[in-house]
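Open the model in your viewer and keep the selection panel at hand. The stops below say what to select next and what is there.

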Amino acid sequence: MANRQGNCYAFASIGREPARPFPHLFRTRGQKPSAPPERRPALSTNHLIDLYSDTQTKPSAGMRKAMADAEVGDEQRGEDPSTNLLQERVAELLGKEAALFLPSGTMCNQIAMLVHCRQGDEIIGAEVTHLFTSEAGGASALAGAQTWPIRCERGIFKGADVTAAVRAPGRHNPISRVVIIEQTVNRGGGAIWSIDEIADVAAATKQHGLVLHMDGARLMNAAVSSGVAADIMTTHVDTAWTDLSKGLGCPVGGVLVGSRAFIDEAWRWKHRLGGALRQSGILAAAGLYALDHNIQKLAEDHENAVALGNAVAAIEGLKLFSPRIESNMVFFESTLPEISSRQIFETLLARGVRMGMTYGNMIRAVTHLDVSSDDITRAGEILGQVVADLKAGLRKAS
Ligand SMILES: Cc1ncc(COP(=O)(O)O)c(C=O)c1O
């Protein structure tokens, strides 16, 4: 069956293990990137099942049409109607006064830190938080702030952890300025902060006079999965953002929200960093389309993740990072002494299922718009076969 947006890749050989079955995924230095093959005809099973990330979606036909038809103007002058509308809608969706369209989630985090922090300040958050691990040290390079990582399970910590982390006043000490929480927690296996957990951290943050920022790369996944509206999720935080280019299926973009004064200052940074655009309505139109069409579809991604998690749990020699699959991510690893997670990951890729390696020895699979429930069933079957074949190979060799 076709995936939900009919997206696909040509795939040559399931069963055999060619060295590089997906040439467009690999590139040797100096070589021109090969274009992705034409989309496959519907109903073929010979396509890459790409669970590498929810960033792998391609804009659907409907989204592309919305982009082509977008009303546009000069964003920098506040004259792009589509961008203005997207900002209004996301501000309302997340229950804040104002919003700012930005090219990426990373820029949402970085600009928030630039507004909140002064050089020498400190940002407190889970040790696994994206801002600390995966943004090229941007908080220190740009805002001049250092980070204080809290060790905690699945990236979720408590108000007491904040209190313990806050620096005492004193000339020798950095100034604790911001607490960051990630909704959902990427390296926490897609864990969702409950409202009570957010409220607990928010109370401590407020008590110490700090700012609470939410990295909402997958905030809409959290809202759909838990049934808690996005504006309730953000009630206790000062600033937040949601990504458009992950589960919502857009090619680019994130939207940062907060008070009017915060967004005015964020605008200044957007301009300074060269992120102020012109006819950005072409991109904002994708976001508007996603808000109208793709939010509820996240529920299917979550069902697919649970189905994949069940398949993993049923395979002897694999262990789920957490038995609770809360959103669209499934993390697991090999417990077989002579078969590594990497071997499983590489064999899976050779057989048409791409996942990611993350967090030490963990394999990560992320469900999204462009994988169907049939794809997930097939991915589970291929995974079972891969583990069985690797075990059989070991038996033969011994
Ligand atoms: C939790 C989290 N925050 C921030 C980002 C950065 O988003 P972007 O890739 O849009 O810059 C990501 C990307 O994967 C993420 O997972």
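Start with Thr184, which lies in the loop between strand 5 and helix 7. Helices (H or I, at least four residues) and strands (E, at least two) are DSSP runs, numbered from the N terminus. Residue numbers count from 1 along each chain as its sequence is written. The model is predicted: local features need pLDDT of at least 70 and side-chain atom pairs count only at pLDDT 80 or more, while totals for chains, interfaces and linings use all residues.

**Backbone exceptions**

Select Gln183 together with Thr184: the peptide bond joining them is cis, with omega about -5°. Next go to Ala136, in the loop between helix 4 (130-133) and helix 5 (138-143). Ala136 is not a glycine, yet its phi is positive, at about 55°. Most residues other than glycine have a negative phi, and most peptide bonds are trans.

**The ligand shell**

Which residues are around the ligand? Select Ser104, Gly105, Thr106, Asn109, His130, Glu182, Asn186, Asp215, Ala217, Asp243, Ser245 and Gly254. A residue is taken as near a molecule or strand if its C-beta atom, placed from the backbone, lies within 6 Å of it. Helix 3 (residues 105-116) gives the most to this shell, with three residues. By class, the shell has one nonpolar, eight polar and three charged residues. Here Ala, Val, Leu, Ile, Met, Phe, Trp, Tyr, Cys and Pro count as nonpolar, Asp, Glu, Lys and Arg as charged, and the others, Gly among them, as polar.

**The seven-stranded sheet**

Now display strands 2-8-7-6-5-3-4, in that order: these seven form an open sheet with mixed pairing. Two strands pair if DSSP finds at least two bridges between them. Strand 2 (98-102) and strand 4 (146-150) stand at the edges, each with a single partner strand, so one side of each has no neighbour in the sheet. From one strand to the next, the twist averages 20°. Angles run from 0 to 180 degrees between N-to-C directions, and axes are lines fitted to C-alpha atoms, for helices over the stretch in contact.

Zoom in on strand 2 and strand 8 (residues 254-258), which pair in the antiparallel sense over five bridges. Leu100 has Leu256 in strand 8 as its bridge partner. Then add helix 7 (residues 195-207), which lies across strand 5 (175-182) and strand 6 (211-215) and runs at about 170° to strand 5. Contact between two residues means that their C-beta atoms, placed from the backbone, lie within 7 Å.

**The four-stranded sheet**

Move on to strands 9-10-13-12, which form an open sheet in that order with antiparallel pairing. Strand 9 (318-320) and strand 12 (356-358) are at the edges with a single partner strand each, so one side of each is left without a neighbour in the sheet. The twist averages 40° from one strand to the next. Strand 12 pairs with strand 13 (residues 362-366) in the antiparallel sense over three bridges. Select Gly356 to find Arg364 of strand 13 opposite. Helix 13 (residues 341-350) packs on the sheet and touches strand 10 (329-334), strand 12 and strand 13, its direction making about 35° with that of strand 13.

**Helix pairs**

Keep helix 13 on screen and add helix 14 (residues 373-397): the two axes come within 10 Å and cross at roughly 120°. Helix 13 and helix 14 are therefore oblique to each other. Angles under 35 degrees count as roughly parallel, over 145 as roughly antiparallel, 65 to 115 as roughly perpendicular and the rest as oblique. The crossing is right-handed; a crossing is left-handed if the near helix is turned anticlockwise from the far one by less than a right angle, and right-handed if clockwise. Gln343, Ile344, Thr347 and Leu348 in helix 13 meet Ile382, Leu383, Val386, Val387 and Leu390 in helix 14. Of these contact residues, seven are nonpolar, two polar and none charged.

Last, select helix 8 (residues 219-226) and helix 12 (residues 298-313), which pack at an angle of about 80° with their axes 9 Å apart. That angle makes helix 8 roughly perpendicular to helix 12. Met220, Asn221, Val224 and Ser225 of helix 8 make the contact with Leu298, Ala299 and His302 of helix 12. The contact of helix 8 with helix 12 has four nonpolar, three polar and no charged residues.
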